[in-house]
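Let's take a friendly walk through this structure, with the sequence and the model side by side. Keep both open as you read.

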Amino acid sequence: MFPLYDENQTRITPYITYGLIGMNILVFLHQLSLSSEQLKLFFDLYAVVPKQLTTNFAGEWTTLFTSQFLHGSWWHLISNMLFLWVFGNNIEDRLGHLKYLIFYLACGALAALCQWFIGMNSIIPSLGASGAISGILGAYIIRFPQARIMSLVFLGFFVTTIRIPALVLIGIFFIQNVISGLFSLQAAANMSVETGGVAYWAHIGGFVFGLILAPLFGLFRREY
């Protein structure tokens, strides 16, 4: 299932959400202009490389934030920006522009630390906005659990759209990541080589920190 839009109006123009989407797109376009060697150096400088963070946290901590604007492929970028587009505006509306930006970056940084904790000596770069966006999903599910989300559903070769409560859609997202995260730990334990791929523990960590931090930032304070 992929969300297309939510039936949940806002009272503000979500400038920060639009700005974050724009920045992610611009950074990705810059990545496309780089050669393979330049791109590798770019990721070494701005993505979270767990081993580098472990050995030199004082010099590498900024990557917890810069890595949030890097993506590995068009699909990685598009899927992340779609979720940010659908869910970000309502959380920005509730928190206000500045608090929302701080919340977004904090969730992303804490999510990256969760993934780092799983493999502190990994040399595989960790990047993407998924952790921060997972924080937004955590905030959304507790503030708007019954909001209807128009979603695109793939059932084999059959494609349709359905309206589904946020609690169900985001709940499925979280459960899938927990299951996949546990399997990734099992796979890593059974292999003598490093495995890369989806940063499930960044998703899980971002989601949990979103649940915790959003109320502290005033998620339930404003009423329509």
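Helix 1 gives the largest share of the nonpolar patch, four residues. The patch is on the surface of this predicted model, covers about 740 Å² and is made by Ile 25, Leu 26, Leu 29, Leu 32, Trp 74, Trp 75 and Ile 78. Two elements, helix 1 and helix 6 (74-95), give two or more residues to the patch. Ile 78 is one of the patch residues and sits in helix 6. With a relative accessible area of 47%, Ile 78 is partly exposed.

**How far to trust the model**

A word on confidence is useful before looking at single side chains. The protein chain has a mean pLDDT of 90, and 92% of its residues reach 70 or more. One stretch to treat with care is residues 188-196, where the pLDDT is below 50. Beyond near neighbours in sequence, that stretch has six contacts in the model.

**Salt bridges**

How many salt bridges does the structure hold? There are two. One joins Glu 7 to Arg 163, with the closest N and O atoms 3.0 Å apart. Glu 7 lies in the loop between strand 1 (2-6) and helix 1 (15-32), while Arg 163 belongs to strand 3 (residues 158-165), so this pair ties together parts that are 156 residues apart in sequence.

The other salt bridge brings together the side chains of Asp 44 and Lys 40, at 3.4 Å from N to O. Both residues lie in helix 2 (residues 36-46), four residues apart, which is about one turn of the helix.

Here is how accessible the salt-bridge residues are, one per row.

| Residue | Relative accessible area | Class |
|---|---|---|
| Glu 7 | 38% | partly exposed |
| Arg 163 | 46% | partly exposed |
| Asp 44 | 26% | partly exposed |
| Lys 40 | 49% | partly exposed |

**Cysteines**

Next, the cysteines. A search of the whole structure finds zero disulfides. Cys 107 is in no disulfide, and the nearest cysteine sulfur, that of Cys 114, is 10 Å away. Why is there no bond from Cys 114 to Cys 107? The sulfur of Cys 107 is the closest cysteine sulfur to that of Cys 114, but at 10 Å it is too far for a bond; a disulfide needs the two sulfur atoms within 2.5 Å.

Are these cysteines buried or exposed? Cys 107 is buried, with a relative accessible area of 0%. Cys 114, at 23% relative accessibility, counts as partly exposed.

**Three residues and their surroundings**

Let's finish with three residues and the company they keep.

Phe 217 lies in the segment after helix 10 (200-216). Its relative accessibility is 18%, and Phe 217 therefore counts as buried, as the limit for that class is under 20%. Which residues does Phe 217 contact, once its neighbours within four places in sequence are left aside? They are Leu 95, Lys 99, Ile 102 and Phe 103. Phe 217 and Tyr 100 are 117 residues apart in sequence, yet their C-alpha atoms are 8.2 Å apart in space.

Gln 115 is found in helix 7 (residues 97-118). Leaving aside neighbours within four places in sequence, Gln 115 is in contact with Ser 126, Ala 199, Tyr 200, Trp 201 and Ala 202. Measuring along the chain, Gln 115 and Gly 135 are 20 residues apart; from C-alpha to C-alpha, they are 14 Å apart in space.

Phe 57 is in helix 4 (residues 57-60). With a relative accessible area of 42%, Phe 57 is partly exposed. Beyond its neighbours within four places in sequence, Phe 57 is in contact with Gln 52, Leu 64 and Leu 113. How many residues separate Phe 57 and Gly 72 in sequence, and what is their C-alpha to C-alpha separation in space? They are 15 residues apart in sequence and 24 Å apart in space.

Methods: Residues numbered from 1 in each chain as written. Predicted model: local features only at pLDDT ≥ 70, side-chain atom pairs only at ≥ 80, totals over all residues. Heavy atoms only, no water. Salt bridge = Lys/Arg side-chain N within 4 Å of Asp/Glu carboxyl O. Buried < 20%, exposed > 50% of the residue type's maximum accessible area, 1.4 Å probe, protein only. pLDDT = per-residue confidence, 0-100. Contact = heavy atoms within 4.5 Å. Patch = residues over 30% accessible without salt bridge, like charges linked within 9 Å, V, L, I, M, F, W, Y side chains within 5 Å. Areas by Shrake-Rupley, 256 points an atom, 1.4 Å probe, with all protein chains shown as cover.
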